[in-house]
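Here are some exercises to work through with the model open beside you. Try each task before you read its solution.

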Amino acid sequence: MKTLPETDRKLRAKLLLARRVEGDRLMLADAVLSAALDGSRALSANERAALDQSPLTLRRFRQLSIQRRAAASREAWNGSRGMLRAASTSAELEELATDDRCWALHFVAQDGAWRIILSLAAEAPFAARLMREQPLLRVIDGGGAIVLQGRLDADGECEAAWPFETAPAPHFQQFGAAFAVEPVDL
Amino acid sequence: MWHDFSVRQKAGGHDQDEEGMRLPGTRYQEHGWEQVRKLLGQCSLHALARTDLALLADPEALAGMPGEYVDGVAEALRATGRSARAGADGNSYGDSVCELALALVYELQARPADWNAFCAAVAAEYRRLGAFWLAAGGEAILRKKVNDMYAVLRDKVDADNYTAACGRGCSPNKIYAYRMLDTAYGEIARIFGAWRENAAQIGAILGQPLDAVPIEVRQMRSIGACKAEWILRWSETLERFGGAPGPLHTRSKRFASLKNSPEKIQAMLAEIGDYEELSANRDQDWLLDAGEAADWLDDYQRVLNESAEAASDGPDQLQDAADDDSGPAEPPPDAASEEAEDPAAIEIAAGLSLPPRFMQLARGAQDNGSWTVRTLASDSLPVRLAVYLKMMGAADDSYPGEWLDPATGELPTMQQLAVLDQVSLPTLRKRRDAAIAALLAAARP
């Protein structure tokens, strides 16, 4: 039974998109449709009628809706995971990257201690949103322990002292050879 | 042949390297068009010969019958669907030749003007030659009329596709002009590619005598680097070098205004070039509309609701989002009353090599609260399945298994459904089309 509402929806979408009107043209500008989509300006009654009566305008509306949803899903981010690679098992661990290549962890040895720097790749699809919203982030190891917690600075980085007794490489090996970068839900 | 620039050959000049033109949203401008056209011609002759001989004899009566033709072609297309030609990619979106042909046939049904033009052409020929389709060579005449119809239709469809994809209006004539320019560029690139042999013509295109390999010839790597004046001079001098007048210099008025607007030509060349680059580098953007998701319907409904609320003085209860289904007011017939399986139905299903209890099981698999079932409450199950078959195809992930013929894994065919419903095929077709019209009326909020 669960599939039927989906069939209904698909059929309804096909019906609306299959209509053709001779001499049809775009009845509403992108700006008008986009404003209606993002809720900043509702359509007037006449605009609403135009959208209903012009299948081509409705197809444009659909395209803008799809693009808007695709952009939103690209910007959405719920965390990135990474593994300790075979090549990075040497005692001198300098850098780790998440599988999506959106985050890097840098390790700097300093006066017998370690510092860890989390940095966001500029080309990450959600980079602009994170820089704007400045959410609280954390890095956890494979055992779930917090390695670093903080907010990005203007360079898209967050730095802290390495919190464990063990050096980074053996520490990660001990805890599943994995790590993750996550937003912290407050 | 300068009126027949259907597909551009790649600048390298290898025949198998046909690529065609890509513009935002267009589906019918690439390498597969020739195959789509041939397949439609073949299946049209099949459909017209089999079902419509009597109608062809009275071409004016054809005008009322696009449904029968469309179904006949669609059926023939599905039957050839597994052949190499039909299964081949027809464009860079990955649509197969068969899918493109099917989509175009269904477009025809939604655009009666194009069907009527075809019927008028058949009628005119009939007045001239009598039943020409029966005479020697008559098939070729009929095929030509079919080709003409689809040639017009594909540009109409792609003009709309382009408009929907990028939000700029576009006419079929403009699509035609884009294709002419793209083909002209391909020709110029081919001429430039053999500069030794074509020195005189290249000189005419560049507007200066040729001493050495000119830098323009070396630098033209894409259509975006082609200059409008080269196109104009190439067309102007084509007769001198090729024998036929160039496309911008025929007696036809088609490109009369384009001929005098080099800046417009330049902009169109740049647009084709930009999009080729964009679509080559950023696959995901031009595959965007491939998603079958109907999520945009949610946006549509929301926008309509917001508009209705803002346009009235207070929140309008009748337009409540939860109450968006404008189905029939009367309740659907009690499912239980249909539950008992009629022995005759079992016999019919068995005769079609469907499971004996097909009707009962298929009925049980419908959600009686669903929008479709409520809207089509007075229609039989076979009519409802015929609606899905027409609108969504024989196979769709969302169909419950009980609706499918185990032999094919797809919905029963129209013939099977007609037998199940104990009506003739034309009657089922008529009821199906009426049901689609009713659904469409209900789907529009």
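Helices (H or I, at least four residues) and strands (E, at least two) are DSSP runs, numbered from the N terminus. This is a predicted model, in which local features need pLDDT of at least 70 and side-chain atom pairs count only at pLDDT 80 or more, while totals for chains, interfaces and linings use all residues. Residues are numbered from 1 along each chain as its sequence is written, and chains are lettered from A, ligands from 1, in the order in which they are written.

**Exercise 1. Find where A177(A) sits, and classify its exposure.**

Step one: A177(A) belongs to the loop between α6 (168-174) and β8 (178-183) of chain A. Step two: look at the backbone, where A177(A) has a positive phi of about 55° although it is not a glycine. Step three: apply the burial scale, with C-beta atoms placed from the backbone: a residue is buried if 20 or more other C-beta atoms lie within 10 Å of its own, exposed if 12 or fewer, and partly exposed in between. A177(A) is partly exposed because it has 17 C-beta neighbours inside 10 Å.

**Exercise 2. Do the same for Q422(B).**

Begin with the location: Q422(B) is in the loop between α22 (414-421) and α23 (425-443) of chain B. Its phi is positive too, near 55°, and Q422(B) is not a glycine. Finish with the count: 13 other C-beta atoms lie within 10 Å, so Q422(B) is partly exposed.

**Exercise 3. Work out whether L120(A) is buried or exposed, and which residues it touches.**

First, place L120(A) in strand β4 (residues 113-120) of chain A. Next, count neighbours: L120(A) is buried because 21 other C-beta atoms lie within 10 Å. Then list contacts (two residues are in contact if their C-beta atoms, placed from the backbone, lie within 7 Å). Not counting residues up to four places away in sequence, L120(A) touches C102(A), W103(A), A127(A), L130(A), L152(A) and G156(A). Finally, take the distance to one of these: L120(A) and G156(A) are 36 residues apart in sequence, yet 5.4 Å apart from C-alpha to C-alpha.

**Exercise 4. Check the length of helix α21 (residues 381-392) of chain B, and ask how many of its residues are buried.**

The expected span is 1.5 Å times one less than the number of residues. For the twelve residues of α21(B) that gives 16 Å, and the end C-alpha atoms are 16 Å apart, so the two agree. As for burial, eleven of the twelve residues are buried, including R384(B) and K390(B). After the helix comes G393(B), with a positive phi near 90°.

**Exercise 5. Describe the side of chain A that touches chain B.**

Start with the totals: the contact takes 42 residues from chain A and 40 residues from chain B. On chain A's side, the elements giving two or more residues are α1 (3-18), α2 (30-37), α3 (45-53) and α4 (55-75). Of these, α1(A) gives the most, with 15 residues. To sort by type, count Ala, Val, Leu, Ile, Met, Phe, Trp, Tyr, Cys and Pro as nonpolar, Asp, Glu, Lys and Arg as charged, and the others, Gly among them, as polar. The side of chain A that touches chain B then divides into 18 nonpolar, seven polar and 17 charged residues.
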